[in-house]
Amino acid sequence: MPFDINEFKSEINKHGGLAQPNKFRVLITGGVLKNSKAQAISMLCNQAVIPGRALATTEIRTYGPIRKAPYNTIYDDLQLGIYCTNNNLFPRDLFEEWQNAIITTMTGRVNYFDQYVADIEIEQYDDKGKVIYACKFIDAYPMIVAPLALDWATTNAFHNLNVTFAYRKWHIQPIPLSPFGNNLSINSLYPNFDITGAIDNFGVAVVSRADGQFMSN
């Protein structure tokens, strides 16, 4: 069947058009940052990523070809690009202070984990400013604050600080009320699925084995 441009346009319009990578916002939430500083970073952040996820697998062979069985989730580090200002190169000084709160520079003392982590939310917008996708990174902290290059030959440019965050996990925000979300269905005879994220967020107590719907929370 030959490619039909009108059919392509119709399919795209059916889903509200194509998403654009320049319409996003990054929010750092949690107790380690003051609200004003978190809001400033949100305005200065110019590069981010919608995260991916990989499954760690092990090879199993009972009979016939080898198959890969998943056993864990692998998360990539989160990288943000943030403009620096003339006010002490903010927010570089903020991330240096944050890292010093993790491991003290003078003594090498490592602080308690829950005293230096924060959550990070990334929101993707459509042309009208409506949030069409949002995800949250849980227990994040700045692992790498990249160096800033200085160069007399560089003019009409700005410092763009790259910060790499480690985190415990990420999830779609908010989680839909069905275990698999809006795009997948489950096998009603063998409802063997993981709803750990939903339990964390909703405190689910009872799940129907027939259709996987939440009965009590």
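A residue counts as buried when its relative accessible area is under 20%, as exposed when that area is over 50%, and as partly exposed in between. I begin with this definition, as several of my remarks depend on it. The structure before you is a predicted model.

Let me start with the overall picture. The protein has 217 residues, and 29% of them count as buried. Its secondary structure consists of four helices and eleven strands. Of the contacts between residues at least 6 apart in sequence, 56% join residues at least 24 apart.

Next, confidence. The average pLDDT is 83, and 79% of the residues score at least 70. Confidence is highest in strand 8, at a mean of 97, and lowest in strand 11, residues 214-216, where the mean is 50. Two stretches call for caution. Over residues 176-180 pLDDT stays under 50, and the model has twelve contacts for them beyond four places in sequence. Over residues 189-196 pLDDT likewise stays under 50, with ten such contacts in the model. Where pLDDT is low, the predicted coordinates should not be read in detail.

I turn now to the interior. In soluble globular proteins, nonpolar side chains tend to be buried together. Here the largest nonpolar core holds 31 residues, and the members that touch the most others are Phe95, Trp98 and Phe165. At least two residues of this core come from each of strand 1 (24-29), helix 2 (35-44), strand 5 (78-83), helix 3, strand 6 (118-125), strand 7 (131-145) and strand 8 (160-166). What does Phe165 touch, leaving aside residues up to four places away in sequence? Its partners include Phe95 and Trp98, and among the others are Leu78, Leu80, Ile120, Ala140 and Met143.

Helix 2 deserves a closer look. Its buried residues are Ala38, Ile41, Ser42 and Leu44. These buried residues pack against strand 1, strand 2 (45-47), strand 5 and helix 3.

Helix 3 also contributes to the second largest pocket. This pocket encloses about 320 Å³ of space. Its lining comprises 13 residues, and those nearest the centre are Val32, Leu33, Lys37, Leu94 and Glu97. Which element supplies the largest share of that lining? The answer is helix 3, residues 92-102, with five residues. By character, the lining divides into seven nonpolar, two polar and four charged residues.

Finally, some points of backbone geometry. Most residues other than glycine have a negative phi, and most peptide bonds are trans. Three places in this model depart from that pattern, and I take them in sequence order. Leu89, although not a glycine, has a positive phi of about 60°. Leu89 is found in the loop between strand 5 and helix 3. Is Leu89 buried, exposed or partly exposed? Its relative accessible area is 35%, which lies between the limits of 20% and 50%, so Leu89 is partly exposed.

In that loop between strand 5 and helix 3 we also find Pro91. The peptide bond joining Phe90 and Pro91 is cis, with omega of about 10°.

The remaining case is Asp139, which is not a glycine yet has a positive phi of about 55°. Asp139 is placed in strand 7. With a relative accessible area of 17%, Asp139 falls under the 20% limit and is therefore buried.

How values were computed:
Residues are numbered from 1 along each chain as its sequence is written. This is a predicted model: local features need pLDDT of at least 70, side-chain atom pairs count only at pLDDT 80 or more; totals for chains, interfaces and linings use all residues. Side-chain values use heavy atoms; hydrogens and water are left out. On a 1 Å grid over the protein atoms alone, a cavity is a set of points where a 1.4 Å probe fits but cannot get out, and a pocket is an open set with protein on both sides within 12 Å along at least five of seven lines; lining residues have an atom within 4 Å of a point. Grid points are joined across faces, edges and corners, and a volume is the space filled by probe spheres set on the points. Ala, Val, Leu, Ile, Met, Phe, Trp, Tyr, Cys and Pro count as nonpolar, Asp, Glu, Lys and Arg as charged, and the others, Gly among them, as polar. A nonpolar core is a set of buried Ala, Val, Leu, Ile, Met, Phe, Trp, Tyr and Cys residues joined through side-chain atoms within 4.5 Å. Buried means under 20% relative accessible area, exposed over 50%, partly exposed in between (1.4 Å probe, protein chains only). Contact means heavy atoms within 4.5 Å. pLDDT is the predictor's confidence in each residue, from 0 to 100.
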